[in-house]
Amino acid sequence: MNATDMKINRNLQILSWFTFLALSTIYFYWFAGYIFFYQEKSSLFLLSFSYFAEHLSQPGGFLVWLAELQTAFYFYPLAGAFIVSIEICICIFIITKIGKVLTRNTFFLIPFLTGAILFYLQANYQYKALNNLGILMQLLVFYLVIRFLAGKWMWVPVSLFPVWYFLTGSFSTLFLILVAFYLILSAEKGKWSKLIVLYVVGAIFFYVAQEFLFFQTIESLLVYPFSEQNIGNQKPLFITVIAIISMLPLIFRFHLKLFFKIEIRRFQIRQITPFLVMAVFAYLAVSRIDKKNSHYFHVEKLFYEKKFDELINYNRQFPSINILTNYLNNIALAETGKLNDMLFQFQQSPDGGTLFLKWELAGEVLKRGGYFYWSLGMINEAQRWPYEFMVMRGNTPEGLKMLIKTDLASGNYNVAQKYISILKQSVFYRREARKFEKLLFDDTAIEKDAELGAKRRLKTKHDFFVLAENPAANLDLIIAADSANRIAAEYKFAWLLLQKDFEGVTKLLPLLKSAGFERIPKNIEEAVVAYSLLNLKKYPEFEGFEINPQTVIRFNEYYGIFQQNRGNKQQAQAALRDYSDTYWYHVVFR
Amino acid sequence: MRIRKITLLIILASFIAACSTKPNGNTAWINNRPVIGPDYSGLTIPINIAPLNFTIEENGDAFFVRILDEKGVSIEVSDKRGIIKIPEKKWKNLLRDNKSKKLFYQVYVKRGGEWSQFEPFSNTISDSPVAPYLYYRLLFPGYESWGEISIMQRSLESFEEKVVVQNNVVGQNCVNCHAVNLQNPDNFMFHMRGSRGGTYFVADGDLKKFNLKTKEMENSATYPRWHPSGKYVAFSSNKVVQQFHSLESKKIEVTDLASALVLYDLAKNEIMEIQVNQKRQFMDTYPEWSPAGDWLYFCRAAQIEKEYDYRDIKYNLYRVNFNPSNRTFGEVEMVFDAAALGKSVSFPRVSPNGKLLVFTLHDYGCFPVWHKEADLYSIKPDDFSVAKLEVNSDFSESYHSWSANGRWLVFSSKRGDGLSARPYISYVDENGVALKPFVLPQENPKFYNRFLKTFNIPEFAESEFSFTPGEIRKAARQEAIQPKWSDK
């Protein structure tokens, strides 16, 4: 290779790294920022020695601790996008360097192909930080070993492998395989004895670890911290990238010489491979943008920020059929007193799945189900859901905040203080922790707080056993104890409407007054009008409320169109599209 | 040049004086005792207890504590944040040299450059040592789910804590009720629920898994108590339901729908009904043996009907005579009629000398852990006279257990925050009077402020033991040994 070639090589290398970094950061920030929101909300990193020590209870815990630290910075999506991008770029850089050490040549295809796969994997919102970080750590240590250690110094990594296994868990297998291939292919003196000792030391340590040191299952000791869920169930692709990385010494040894000789004009094809790889993966990445999850996580973000009106407007603008999205939307509607005005403007689940979630220990339901009860003022139950989640999966920022809020609202200040002290150890939630801290042992401050004061006032007035498997049944128990609970009334009516229970809605109308409604909400009024007109009954009399004549006119129009098209349901549905936000449309077509 | 040096020395000396961590010269007097956490004042403490580290919860720029014996020998500790960690070696020596004597605590605070001294407080060192080890289960005081659950062994003479059993070793099974016989860990057992479920016994130094539910039993063996001979274990066999309150004062309600007593004979590997309730009129639970093994105490309530009000279930304390040679039981005798007081009894525990039985008294049911009103009471088996112990708080006290010398009682109390139980240790004098309890000391005195897990079923032990992860896995993989049902 002449000097000009070397210069072109170096410039292309630098250009391709920066292009990769820039494109990747832009992609993750602009198109996949929800990944960082989801992951940041899935764990809570604490700056304390005890938190660090907890992670040392099993091999791989240190890597998890580092990854959680990284995830904490996802609080700022731009930081998240930059961190994951730079991590991938470093992987590419190190693989290039490994190639250089092993062959004295600069390679582009394998490093950029590996980087592109890591980028593609990362585009899945469930692909956790520990994976790329784990891979990066193995590559880095392997590079340092082959670059700086040789001869008798090679005994250092061989003998220290147990430490590396303890720190990085199952990811150290990658290092083990890399070293094995490296030793086998090298001319290193005493390579077979080093290889045997490496594996024997590893096996002995594993035996000692599983027999005497760690209270984990053997499967967990072998696999942790890897899990299919943590790679977003992208097993084939993940195995592919691991296979490529673990065989790097082999691949670099037997590289395709012919491929490297192909030239297009002045450029060898290998020099433009980074751009080809990037182009292919950019195309694939765009197709990977997960609009459904992007939409959902944006809604969840607005929900956590209590921007209920913005959330409702967003859902109106971009309607969703996702049950969780509409569940959060319904809470926003209830909190803003619009549930029975706008219920049917959004997709509803007839079994009530969009109103309340059924108790379920598995999955992510536990993380969100409590918000319905918090909205109702069932504070014990609002706490039980995030508490159980915390017991099984550890702290999350929003879960911990809910524990704090429920204990503050209940006046359990000593327990709230503990949770606050934990939140104060976080990286980015200290300000919120201090805000909560000011409310401790101060009933007046709690009463004055917009959210906590409201929930304290809404607290269920009589004790009963919660029916978590039948959330709707709780509404009757709350209303029986406190008919002034407006949110419970909103949900009760919404539930009856979803059940197409005209009569139930009509009978329950007096609740509107005791719950503080000033007018009949739109969807309830539609049910009452339909019930009365279809059954030839008078409108039920209830003090202070009047039926809007426009609703009657609208119903008659609706009914007329429906009668004209009654022979053909599809035709009728198309003709009545303008009424899709009405209770009448729901009754017939959903 | 010389003047410059002197000036520098004066500045340096002033700086050192200003930063002094120890009062020197005149100190002002504060007419009250300092607030310390945990409250380790006015106690009777065991001669072999680990240092009672504490924090001074007063405002100040620096703090200084001097712990003196009657001869004036002292330990001095200072800290800017008021975190008082007493050197272990000096503490041990001080306790050893002051058997049955008092220790005095002088607490100083520095505010605005001036030192002030609080009114001192004292503790008395008992000549009765506490058992060297404490066993407890550490878990989140949760409701349905569990994460990591461990049975831990803590040295009471130091801060060393180690795992005895942890559920993760067999994959998220739930480890529950453990029992040690007469503080001797050679007779140890625990239950495990889940894929590797069973009752695990230490037998001949090995851990073995048993399935204590036979086809003749309606429910599994639950709450265990070892017969002092180590030959038998009495269990209650319970059918339990749990429900969740909507109001915050009491979060969870655990109710027995049915329960009976069974006896497991280790030598014969037989399990039999304790025939005290053949007509199934009662729910019997929480067995407890007298130290001689000739009486079996238990709690009994009327069998509930299909429609019941959980608040009406009241358990009384009963006992029945037992003949260990032929495994026969005599006539049942009521020991304490709690229902007559509108109350309910649980967790009877007889002192090693048999002169005192301590139980938990609460409003209803048999699961007082979530009952704020649950308090510890004692009854003398000789004359059935009852007294409330002076160790109670506004929160739940339960799961108590005696030391082998009968001088120390450990119990779980939720007085800290109402949610997580902590082990409290109290000295019980020869008249059965329990003195002011103290919480299990921790190296970091702020430990309890952040620790969320609960200390469940604390029990003293005279020696240490633990299982390696490999031993537990090996036992878990074994086929459970099935005892035979015996009608006699």
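Domain bounds here come from an automatic or database domain assignment. In this predicted model, that assignment splits chain B into domain 1, covering 25-125, and domain 2, covering 133-477. The C-alpha centres of these two domains of chain B sit 36 Å apart. Where they touch, domain 1 of chain B puts in 19 residues and domain 2 of chain B puts in 15 residues. On the domain 1 side, strands E3 (44-45), E4 (54-56) and E7 (83-84) of chain B each bring at least two residues to the contact. Sorted by class, that side of domain 1 of chain B comes out as twelve nonpolar, six polar and one charged.

Over in chain A, helices H7 (residues 129-148) and H9 (residues 172-185) make a pair: their axes come within 9 Å and cross at roughly 30°. Angles under 35 degrees count as roughly parallel, so H7(A) and H9(A) are roughly parallel to each other. Their crossing is right-handed. H7(A) brings A:Ile135, A:Gln138, A:Val141, A:Phe142 and A:Ile146 to the contact, while H9(A) answers with A:Ser172, A:Leu174, A:Phe175, A:Leu178, A:Val179 and A:Tyr182. That makes nine nonpolar residues and two polar ones, with no charged residues in the contact of H7(A) with H9(A).

Further along chain A, helix H23 (residues 413-423) has a set of buried residues: A:Val415, A:Ala416, A:Lys418, A:Tyr419, A:Ile420, A:Ile422 and A:Leu423. What do the buried residues of H23(A) pack against? Their partners are helices H22 (397-410) and H24 (430-437) of chain A, along with helix H3 (447-450) of chain B.

Definitions and conventions: Residues numbered from 1 in each chain as written. Chains lettered and ligands numbered in written order. Predicted model: local features only at pLDDT ≥ 70, side-chain atom pairs only at ≥ 80, totals over all residues. Buried ≥ 20, exposed ≤ 12 C-beta atoms within 10 Å, placed from the backbone. Helix = DSSP H or I, 4+ residues; strand = E, 2+ residues; numbered from the N terminus. Contact = placed C-beta atoms within 7 Å. Axes fitted to C-alpha atoms, helices over the stretch in contact; angles between N-to-C directions. Parallel < 35°, antiparallel > 145°, perpendicular 65-115°, else oblique. Left-handed = near helix turned anticlockwise from the far one by under 90°. Nonpolar A, V, L, I, M, F, W, Y, C, P; charged D, E, K, R; others polar.
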